[in-house]
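Take a walk through this structure, one region at a time. Keep the sequence and the 3D view side by side as you read.

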Amino acid sequence: MSSLQSSADIKSEQIAAEIRDAIRLGTLQRGTLYSARELGERFGASRTPVREALLKLADLGLVRIERNRGARVLGPDGRGVVELCSLRVLLEPPACRSAAAVMTTRDDEELAAQLAIMAAHPDAGPEYFAADEKLHDVILRAGGNRRLAKFVGELRQTLALDGRLSVPRYQSVETALREHTDIVEALRRRDGVAAESAMRKHVVRSGELLVANTGEDSWGLVAEWRRWVGIAGTTGERPVS
């Protein structure tokens, strides 16, 4: 029974990822209502895993479930971006510190490899972002908390719908690469405090750029974001003005 449940979970997560990618690529239009049957036909799945996938995406604010009609594609709005970024700044820096205590040489090698891929693609193309995602995933999974790694990974993937616009549109690739290098170097030294600080600096800067450029009530959203940054005990680089 547990294996069947595991298989069902895997299928729904796969469908959720495919729907998320379709939203990012514009194949599924924001504001449009889609039935579970229509999505099932599009992605080659029965309605049950599609419904479960939609519930996951609704929790992330990407769709709104409309009873007996289907799901309307939303994408992260300004407030949704604040909420997602706030969760990242609360969770990812301490997770990075935890990882520093149990990192292995193999983890070091994997991080170095992903960092090299990012440096080799200064155009911030698909290879750059795939390596960026992998680098963060290696750090999160190294800490041993699989639930945390999965949850933060979903947050990052959702933010990636609009987050890729921040590099190089709102910040240089060099800046982002330097921040990742600082994180990797601190982890290689097994300096948990420095690793947490470097990750926090990176997550705060990324969040600041995303929130400030949502195109909505930027002043109010930035104020709320900075309140969460303060709650997280963030220090470091001054917020982007």
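Is Arg189 buried, partly exposed or exposed? Its relative accessible area is 49%. The cut-off for exposed is over 50% and for buried under 20%, so Arg189 counts as partly exposed. Keep in mind that this is a predicted model. Arg189 sits in a loop. The helix α9 (173-188) lies on one side of that loop in the sequence, and α10 (192-212) on the other. Now look from Arg189 to Met103. In sequence, 86 residues separate the two. In space, their C-alpha atoms are 10.0 Å apart.

Next, turn to the sheet. Three strands form an open sheet in the order β1-β3-β2. The pairing is antiparallel. In general, strands of a sheet pair through backbone hydrogen bonds, and they do so either parallel or antiparallel. Which strands stand at the edges? They are β1 (33-34) and β2 (63-66). Each has a single partner strand, so one side of each is left without a neighbour in the sheet.

Follow the pairings one by one. Four bridges join β2 to β3 (residues 70-73), in the antiparallel sense. Ile65 has Ala71 of β3 as its bridge partner. Val63 is matched with Val73 of β3. On the other pairing, β1 and β3 run antiparallel and are joined by two bridges. Here Leu33 stands opposite Arg72 of β3. Go back to β2 and β3, which form a hairpin. Three residues lie between these strands. In this hairpin, Asn68 takes a positive phi near 65 degrees.

Some residues of these strands turn up again at a cavity. A search of the whole structure finds two cavities of 30 Å³ or more. The second largest cavity has a volume of about 30 Å³. Which residues line the second largest cavity? Val63, Ala71 and Val73 are among them, and so is Tyr34. The others are Ile19, Leu28, Leu39 and Leu54. By class, this lining has eight nonpolar residues, no polar residues and no charged residues.

Now find the largest pocket. It holds about 580 Å³ of space. The lining has 26 residues, and those closest to the pocket centre are Arg20, Lys150, Gly153, Glu154 and Gln157. How do the residues of this lining divide by class? There are 13 charged, ten nonpolar and three polar residues.

Several helices share in the lining of the largest pocket. At least two residues come from each of α1 (2-25), α3 (47-59), α6 (126-142) and α7 (146-163). Which helix gives the most? That is α7, with nine residues. The lining also draws on two domains: domain 1 (1-73) and domain 2 (78-233) each supply at least three residues.

End with the cysteines. Are Cys85 and Cys96 buried or exposed? Cys85 has a relative accessible area of 3%, so it counts as buried. Cys96 has a relative accessibility of 1%, and therefore it is buried too. How many disulfides are there? The count comes to zero. The cut-off behind that count is a pair of cysteine sulfur atoms within 2.5 Å.

Terms used. Residues are numbered from 1 along each chain as its sequence is written. This is a predicted model: local features need pLDDT of at least 70, side-chain atom pairs count only at pLDDT 80 or more; totals for chains, interfaces and linings use all residues. Side-chain values use heavy atoms; hydrogens and water are left out. On a 1 Å grid over the protein atoms alone, a cavity is a set of points where a 1.4 Å probe fits but cannot get out, and a pocket is an open set with protein on both sides within 12 Å along at least five of seven lines; lining residues have an atom within 4 Å of a point. Grid points are joined across faces, edges and corners, and a volume is the space filled by probe spheres set on the points. Ala, Val, Leu, Ile, Met, Phe, Trp, Tyr, Cys and Pro count as nonpolar, Asp, Glu, Lys and Arg as charged, and the others, Gly among them, as polar. Domain bounds come from an automatic or database domain assignment. Buried means under 20% relative accessible area, exposed over 50%, partly exposed in between (1.4 Å probe, protein chains only). Two strands pair if DSSP finds at least two bridges between them.
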